[in-house]
Structures are given as C-alpha cells and as structure tokens.
Amino acid sequence: MEKNELIKQVNDREAMDSRDVAKMIGKRHRDLMRDIRRYISDMEEGAILRSRDMEHDPKLDSAQFFIESSYVSQQGKELPCYLLTKQGCEFVANKLTGRKGTIFTATYVGLFNQYQAEHNGKMIGADKNLTRENLEFKLKWLAEMRKQNINKDHQLRNEDAKIWLELANVADDYGERRMATEMRNEAINTMTSLPVGGQREYTASEIANKLGVSAIQIGKWGNKLGIKRDQHLSYRTPEGAWRYFPEALKVFQDNALEIQDDDLGL
C-alpha cells in the first residue's frame, strides 16, 4: 500500500484506519480497539458531567478523534474498526512512551501533511512540522525519563542518538533527504560527545560537598581550570547542567586548597 493510501477522507476529515495504527505502534488491533473504546467512554462521561452545568464541550466530542467504521476480513466477515483523525492519532501517541511514541508521532504527522500537500495543492512544509512535533514529544520523553533517574544521562544520550537515527529513516521514507542527513548529523554529534563507557558522573553540588565549597565555585573553577572545555572531563546536559567525570573530580581535588580559599574570599 502506498503511503498516501493510508489516509482516508471521511466526512471532510482525514483519518487513518485503526488497523494501520496498530501495526505502526506494535499493538494487536483488538487491544487498540479496546483502548479506543475506553478513551471514548472517558470522553463521553466527561461530556455528561460538564453538560450538567454548561453546554456540551466540543473538545470532548469523541467523533472528532475516533470514527466508527468496519472492514471485511479475509473470511468474508464484517468486523469493527475505527478511523483515527489527526487528533485521534495525537491522543494515542500521547499514551505511548519512549521511542515507540516518538516514531509514531513522526510517522502520522508526516502522513497527514503529505496527504494534505497532495490533495489540497498546498505545500504544508512537512519537514518543518515533522521536526517540530516529534522533537517536542522527544524532549518531553527525555525530561520524564530524567525525573525517574537523574543519574542516567549517559544512557539517555545514547537513546537520543538512536532516536535521531530512527527519525532519519522516517524522513527517508518520505523522500526528505535533506532532513534525513541533518538528523543523522545530529546522531553523530550526540554519539561523538558520549562519555566513554558507563563511568561515574558527578554534579557540581556533589563535587562541592566533597571539597566543602559551593556549587557556584565548582562552576567557576570548572571554567578556570579548562575542565568545561574538555569533553573527556565534562559535558553539558540538554537542560544546561554540567556533569563531571572522575578525571575532572581529580583535577578539582588537586586544586582543592585554591578553590576553598577562593570560596572563603581569601
């Protein structure tokens, strides 16, 4: 099936078959159907609660997300399915975690944009939208993962590189060669800056506690000693925080007296 055939026009809305969505996210169709029915039930229940005090909330109209449909199986039986609008795909993507959610987001956004460009005679700028939306999702995922374990920056940046490579493959599928090249360059840059192995990493506060000084002084002396300029001694996280390797800790310890005197204003 051609990619543009994955999008169907239903009542002036573009939508994607739940069977195709299930394949994209690696879930059995019946399980996705079960999830969608639960989503619809939650939306309808929320709409009823709100309608007691106000007019029906259009944001809770399940038909804007999921459209009931059916298909004929290979055995000739008519079976139920759903057609997911772009909002419906977004709803499903928000329920996913990790690379699976990121890749699905990139895929459905690209498919809907491609369909609109082909059928509406518009250049939607698929590469810009694809990049923005999947990166927003990726960054949210990375932030959540770091909340779960702040000490896994090495593993997360390795995952970050893998995601860039997978997104590059998605861009290739859409014929976006320039975007694919840019994404692979991002993966190379990320992997090049990865710390060697799984070595211990220290925050400025951890080193400051070891030396009995302030974290501000560690940041200051990290610059003064050239530690922040050496990728083998330190690196900066996407949030802007510095992480230091054991070799950097040794440099700080070797200069502990000067750092401590400076911290005391001596």
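The exercises below, each with a worked solution, concern a predicted model.

**Exercise 1. Confidence**

Find which element has the lowest mean pLDDT and which the highest, then look at the stretches where pLDDT is below 50.

Solution.
1. Start with the whole protein: the average pLDDT is 77, and 73% of the residues score at least 70.
2. Go on to the elements: helix α5 (residues 126–148) has the lowest mean, 52, while β4 has the highest, 94.
3. Next take residues 122–130, where the pLDDT is below 50; this stretch has 17 contacts in the model beyond near neighbours in sequence.
4. Residues 194–198 also fall below 50, and this stretch has nine contacts beyond near neighbours in sequence.

**Exercise 2. The sheet**

Work out the order of the four strands in the open sheet, and say which helices pack on the sheet.

Solution.
1. The strand order is β1-β2-β4-β3, with antiparallel pairing.
2. The edges are β1 (7–10) and β3 (66–72), as each of these strands pairs on one side only.
3. From one strand to the next the twist averages 45°.
4. Look at one pair in detail: β1 and β2 (residues 13–17) are antiparallel and share four bridges. Within this part of the sheet, Lys8 stands opposite Ala15 in β2.
5. Add the helices. Helix α1 (residues 18–25) packs on the sheet and touches β2, β3 and β4 (78–85), its direction making about 60° with that of β2.
6. Helix α3 (residues 86–94) also packs on the sheet, touching β2, β3 and β4; its direction makes about 90° with that of β4.

**Exercise 3. Salt bridges around helix α2**

Take the salt bridges Asp35 to Lys27 and Arg34 to Asp31, and decide for each residue whether it is buried or partly exposed.

Solution.
1. Side chains of opposite charge can pair when their charged atoms come close. The cut-off here is a Lys or Arg side-chain nitrogen within 4 Å of a carboxyl oxygen of Asp or Glu.
2. In the pair Asp35 and Lys27, the closest N and O atoms are 2.6 Å apart.
3. Asp35 is buried because its relative accessibility is 4%. Lys27, at 30%, is partly exposed.
4. Arg34 and Asp31 form a salt bridge with an N to O distance of 3.7 Å. Both residues lie in helix α2 (residues 29–51), three residues apart, or about one turn of the helix.
5. Arg34 has 46% relative accessibility, so it counts as partly exposed; Asp31, at 16%, counts as buried.
6. Put the pairs in context: Lys27, Arg28, Asp31, Arg34, Asp35 and Arg38 are linked in a network of salt bridges. The structure has nine salt bridges by this rule.

**Exercise 4. Helix α10**

Identify the buried residues of α10, state what they pack against, and describe the salt bridge between Asp254 and Lys250.

Solution.
1. The buried residues are Ala248, Leu249 and Phe252.
2. They lie on the same side of α10 because they cover an arc of only 105° around the axis.
3. Their packing partners are α8 (204–211), α9 (215–224), β6 (242–244) and α11 (256–264).
4. Asp254 and Lys250 meet through their side chains in a salt bridge of 3.2 Å, N to O.
5. An α-helix has 3.6 residues a turn, so residues three or four places apart point the same way. Asp254 and Lys250 are four residues apart in α10 (residues 246–254), about one helical turn.
6. Finally, Asp254 counts as exposed, with 55% relative accessibility.

Note on methods. Residues numbered from 1 in each chain as written. Predicted model: local features only at pLDDT ≥ 70, side-chain atom pairs only at ≥ 80, totals over all residues. Heavy atoms only, no water. Buried < 20%, exposed > 50% of the residue type's maximum accessible area, 1.4 Å probe, protein only. Helix = DSSP H or I, 4+ residues; strand = E, 2+ residues; numbered from the N terminus. Arc of directions from axis to C-beta. Contact = heavy atoms within 4.5 Å. Pairing = 2+ DSSP bridges. Axes fitted to C-alpha atoms, helices over the stretch in contact; angles between N-to-C directions. pLDDT = per-residue confidence, 0-100.
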